[in-house]
Amino acid sequence: MTTATTPGQGPLTGVRVIELAGIGPGPFAAMLLADLGADVVRVDRPGGPGLGIDPGHDVTNRNKRSVVVDLKAPDGPARVLALAAHADILVEGYRPGVAERLGVGPEACHARNPQLVYGRMTGWGQDGPLAPRAGHDIAYIAVTGALGLIGRPGEPPPAPANLLGDYAGGSLYLVVGVLAALHHARVSGTGQVVDAAVVDGTAHLASMIHGMAAAGAWQDRRGANLLDGGCPYYGTYETADGAHMAVGALEPRFYDEFVTLLGLPEHADARTDPTRWDALREAVAARFRTRTRDEWTALFDGTDACVAPVLSLREAPHHPHLAARGTFTDHGGLLQPAPAPRFSATPTAVRTGPALPGAGTADVARDWDVPELTEGQE
């Protein structure tokens, strides 16, 4: 059977999204919606977000269109509300109460469009003692216990970029929330507010580990558990050239293949004996230091030992598997991760490069039937 496809559009084609410009998880969530085919209009503020990033290289603004609105100007809120009247979803990442003070909070937007899904993205959430406080990814994941899971015992936990909090615990939960609310709005005719907090999402990500701890299968300390580096056959090791290999040989048959290929048959029965793990770790580390990363990669290639080279951001697009799948794509000379996940009937694509502030104003005013956007412009 042949499946009909809509080339490069995505399953959210026809969904209209307003993104009130910010930084971090809000723009990434809006990018994901745009990658999935939604018509995302980013409402930029005059002067931009102030991070000093060239807008032409900001991949999180791909597949979007941008208009510039000064929400502090007398006519600013009315322009956003005019857009909201035609939108399905609005995403904002201000501190609690700021959108209301600017005149574009949920009550004002729902007065214009009762079916609107109003997505709020913050670190601390809309309520609670810390709700009005400033913060960034590392503080949010710190209080959830997630940061405390990472790193070697006796050393400070390392900062895992902003992937765990901002994007996994924040953006992805916001996207799940607004799409679930959009389904509800289309069934019931009623919109709602989605309160997505990085602290909530990050805590939720650790559900399995909380269950393991309750069952006595996870110790509440770093470097002592199956998945946190405490296990010698789940972790990273340095190679002869100062690079690293990642090992995840958890199941018995994968472990057997791992120690055989590594040349450590004497440790074949150490997998389930934690009293032998220190010796196993030392032996594995010593073996990995005898060859380069590329040599080990070649040795483990085509096996089920669950071993992979640790690549840099610049190296990753050239990995044979990622290259074969097209995990990265070049659009307009800008190499970037391709949209994910993949759809058989409504495939996605990078349709346009990063939206430049204000460049889409005329087109959005026409397509959304919002002439207020261009009023007063020459």
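This report describes two buried loop residues, one helix and one pocket in a predicted model.

**N63 and its surroundings**

N63 sits in the loop that runs between β2 (39–44) and β3 (64–68). Although N63 belongs to a loop, its relative accessible area is 4%, and because buried means under 20% relative accessible area, N63 counts as buried. The side chain of N63 takes part in two polar pairings with backbone atoms, which are set out in the table.

| Side chain | Backbone partner | Distance |
|---|---|---|
| N63 | oxygen of A349 | 3.2 Å |
| N63 | nitrogen of T352 | 3.1 Å |

Once neighbours within four places in sequence are set aside, the residues in contact with N63 are A34, D35 and A38, together with A349, V350, R351, T352 and G353. Both backbone partners from the table, A349 and T352, therefore appear among the residues that N63 contacts.

**Helix α7 and the loop residue G123**

Which residues of helix α7 (residues 198–205) are buried? They are V198, V199, G201 and T202. Viewed down the axis of α7, these buried residues fall within an arc of 165°, and so they line one face of the helix. The packing partners of the buried residues of α7 are the strands β5 (117–122) and β6 (192–197) and the helices α5 (137–144) and α6 (163–188).

G123 is placed in the loop between β5 and α5, and both of these elements are among those against which the buried residues of α7 pack. With a relative accessible area of 9%, G123 is itself buried. Leaving out neighbours within four places in sequence, G123 is in contact with Y140, A197, V198 and V199; of these, V198 and V199 are also listed among the buried residues of α7. G123 and D200 are separated by 77 residues in sequence, yet their C-alpha atoms are 8.7 Å apart in space.

**The second largest pocket**

The second largest pocket holds about 920 Å³ of space. Its lining is made up of 26 residues, and those nearest the centre of the pocket are V59, L313, F328, Q336 and P337. The elements that contribute two or more residues to this lining are α1 (25–35), α6 and β11 (334–337); α6 is also one of the elements against which the buried residues of α7 pack. By residue class, the lining of the second largest pocket comprises 17 nonpolar, five polar and four charged residues.

Technical notes:
Residues numbered from 1 in each chain as written. Predicted model: local features only at pLDDT ≥ 70, side-chain atom pairs only at ≥ 80, totals over all residues. Heavy atoms only, no water. Helix = DSSP H or I, 4+ residues; strand = E, 2+ residues; numbered from the N terminus. Buried < 20%, exposed > 50% of the residue type's maximum accessible area, 1.4 Å probe, protein only. Polar contact = N/O pair within 3.5 Å; in protein donor to acceptor, adjacent residues only side chain to side chain. Contact = heavy atoms within 4.5 Å. Arc of directions from axis to C-beta. 1 Å grid on protein atoms, 1.4 Å probe; cavity = no way out; pocket = protein on both sides within 12 Å on 5 of 7 lines; lining within 4 Å. Points joined across faces, edges and corners; volume = space filled by probe spheres on them. Nonpolar A, V, L, I, M, F, W, Y, C, P; charged D, E, K, R; others polar.
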